[in-house]
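User: Could you take a close look at one part of this fold for me? I would like to understand a single strand and the partners around it.

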Amino acid sequence: MTRRTAVAAVMGCVVLAAASCAGPERPTATADGKDAASTSASPAPSATATPTVDDAVAAARERMTAAATGRDAPGPEGLLVAAESAGGALYVWESSDGRFCHGTATGVGMTSVACFTRPHTPPVGKEPRLVPLVRMMATGWNVVFGAEHETVESVTCDGVPVRVKDVGVMADGRRSVHAVEFPDLTLGTVSVRVRRGSRVVTETLALETFAKKDAARFASCGEPTS
């Protein structure tokens, strides 16, 4: 996979704050010529509000649309939100020629775009399976995966439920796309409960694949991957 990165993005929330203040007023004269006690005006409330997630995602979508151009531009299904926060969003999409892409955009203007070089990569298999698609730090530690010929019912980390976001469908509807998120880099595997017709089975999904010399520093789920 080749990567075209406008700006490498490790996304975090950016909250803008503004303050205003007024100095003490001059003493005012009373009818008898004496100065009245001065009073200070209350500071005006800040006009800058903390951006909402919806505002951040809308702004990120505009930046992502501007960054994903040419042959990497989204196809008819458009941009799919895989993760979102007040700092920006992680998007996935298929290009018009069927290549899988993902990108990040933040409220402060940073964007990144990466796409596979060949269409239908990875190809849809003939058997039920989970397909890892993205593992990266965006709005947290984000893992995006596809499910083929099966339906995702739940995800757990050492028996604790993990929220699953149903992102959308790709590959002409043959692959459903889902995402999980952790606050920070999380090692190991999660258990994914899937339905295949009348059968329910549990599969494992790796949260990362790179070597770690200081694994003890990070949170983990299930079995180590290396």
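Analyst: Happy to. Two strands are said to pair if DSSP finds at least two bridges between them, and that is the sense of pairing used here. Please keep in mind that this is a predicted model.

Some background comes before the close-up. The protein has 14 strands and one helix. Of its 226 residues, 38% are buried. Among contacts with a separation of 6 or more, 56% link residues 24 or more positions apart. The accessible surface is about 12700 Å², and carbon and sulfur atoms hold 54% of that area.

Now to strand S12, which covers residues 186-196. S12 pairs with strand S14 (residues 219-221) in the parallel sense, through three bridges. Within that pairing, Leu187 of S12 sits opposite Ser220 of S14.

S12 also pairs with strand S8, residues 151-157, this time in the antiparallel sense and over five bridges. Here you can find Ser191 of S12 facing Thr156.

The next partner is strand S13, residues 199-206, which runs antiparallel to S12 and is joined to it by eight bridges. One spot to look at is Val192, whose bridge partner in S13 is Glu203. S12 and S13 form a hairpin, with two residues between the strands. If you check backbone torsions, stop at Gly197 in the turn: its phi is positive, about 65°.

So to trace this part on screen, you could begin at the Leu187 and Ser220 pair, go on to Ser191 and Thr156, then visit Val192 and Glu203, and finish at the turn with Gly197.

Definitions and conventions
Residues numbered from 1 in each chain as written. Predicted model: local features only at pLDDT ≥ 70, side-chain atom pairs only at ≥ 80, totals over all residues. Heavy atoms only, no water. Helix = DSSP H or I, 4+ residues; strand = E, 2+ residues; numbered from the N terminus. Buried < 20%, exposed > 50% of the residue type's maximum accessible area, 1.4 Å probe, protein only. Contact = heavy atoms within 4.5 Å. Areas by Shrake-Rupley, 256 points an atom, 1.4 Å probe, with all protein chains shown as cover.
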